[in-house]
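How is this chain put together, and which residues hold the places where its elements meet? The sequence and the structure are shown below, and the reader may wish to keep both in view while following the text.

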Amino acid sequence: MGQFSEFLQPEITEHYEEVLPCLISTLSDKNKLVQKRGCLALDALCDNLEEELGPYVPAIMQQLSTLFSSSSLEVRELAMSTVAAIAGAAG
């Protein structure tokens, strides 16, 4: 998903209704690598989403907030970076 989110811009944004729920679910995965990749993919996808992102912001923020207590510094950093990307996209 990360590769699609990054390299299929802006076409992938046409499928945001299918893609965003999948990416949100990666944030609650037990595997730190999956969490990191989910953050990176969300960050990349947010570049071309604006008002479409609005209904998903509460669910995304809820999942990201759980990552702030991760034992992995990299996961915490990526979660914070994703929050910034969402704030920029959602206005």
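The paragraphs below go from the overall make-up of the chain to its helix contacts, its core and one loop residue.

The model shown here is a predicted one. Its secondary structure amounts to 5 helices and 0 strands, so that, read from the N terminus, the order of elements is α-α-α-α-α. Of the 91 residues of the chain, 40% count as buried. When contacts between residues at least 6 apart in sequence are considered, 65% of them join residues at least 24 apart.

A first helix pair to examine is that of α3, which spans residues 32-46, and α5, which spans residues 73-90; their axes come within 9 Å and cross at roughly 20 degrees. Because angles under 35 degrees count as roughly parallel, α3 is described as roughly parallel to α5. The crossing in which α3 passes α5 is left-handed. On the side of α3 the contact is made by K32, Q35, K36, C39, L40, L42, D43 and C46, and on the side of α5 by E74, V75, L78, A79, S81, T82, A85, I86 and A89. Sorted by character, the residues of this contact of α3 with α5 comprise 10 nonpolar, 3 polar and 4 charged.

Within that contact, T82 of helix α5 can be looked at individually. T82 counts as buried because its relative accessibility is 0%, the cut-off for burial being under 20%. With its neighbours within four places in sequence left aside, T82 is in contact with C39, L42, D43 and L64.

Helix α3 also packs against α2, at an angle of about 145 degrees and with the two axes 8 Å apart. The crossing of α2 and α3 is left-handed. Here V19, L20, L23 and T26 in α2 meet V34, Q35, G38, A41, L42 and L45 in α3. The residues of this contact of α2 with α3 divide into 7 nonpolar and 3 polar, with no charged residue among them.

How, then, are the buried nonpolar residues of the chain arranged? In soluble globular proteins, nonpolar side chains tend to be buried together. In this model the largest nonpolar core has 25 residues, of which L20, C39, L53, I60, L64, L67 and I86 touch the most other members. At least two residues of this core are supplied by each of α2 (16-26), α3, α4 (57-67) and α5, and the largest share, 7 residues, comes from α5. I60, one of the core residues that touch the most other members, is in contact with L20, I24, L27, L42, L53 and I86 once its neighbours within four places in sequence are left aside.

A last stop is the loop between α3 and α4, where Y56 has its place. Is Y56 buried or exposed? At 18% relative accessibility Y56 counts as buried, because the cut-off is under 20%. Not counting residues up to four places away in sequence, Y56 touches Y16, E17, L20, P21 and I24. One of these partners, P21, is 35 residues from Y56 in sequence, while the distance between the two in space, C-alpha to C-alpha, is 8.3 Å.

Key: Residues are numbered from 1 along each chain as its sequence is written. This is a predicted model: local features need pLDDT of at least 70, side-chain atom pairs count only at pLDDT 80 or more; totals for chains, interfaces and linings use all residues. Side-chain values use heavy atoms; hydrogens and water are left out. Axes are lines fitted to C-alpha atoms, for helices over the stretch in contact, and angles run from 0 to 180 degrees between N-to-C directions. Helices (H or I, at least four residues) and strands (E, at least two) are DSSP runs, numbered from the N terminus. Angles under 35 degrees count as roughly parallel, over 145 as roughly antiparallel, 65 to 115 as roughly perpendicular and the rest as oblique. A crossing is left-handed if the near helix is turned anticlockwise from the far one by less than a right angle, and right-handed if clockwise. Contact means heavy atoms within 4.5 Å. Ala, Val, Leu, Ile, Met, Phe, Trp, Tyr, Cys and Pro count as nonpolar, Asp, Glu, Lys and Arg as charged, and the others, Gly among them, as polar. Buried means under 20% relative accessible area, exposed over 50%, partly exposed in between (1.4 Å probe, protein chains only). A nonpolar core is a set of buried Ala, Val, Leu, Ile, Met, Phe, Trp, Tyr and Cys residues joined through side-chain atoms within 4.5 Å.
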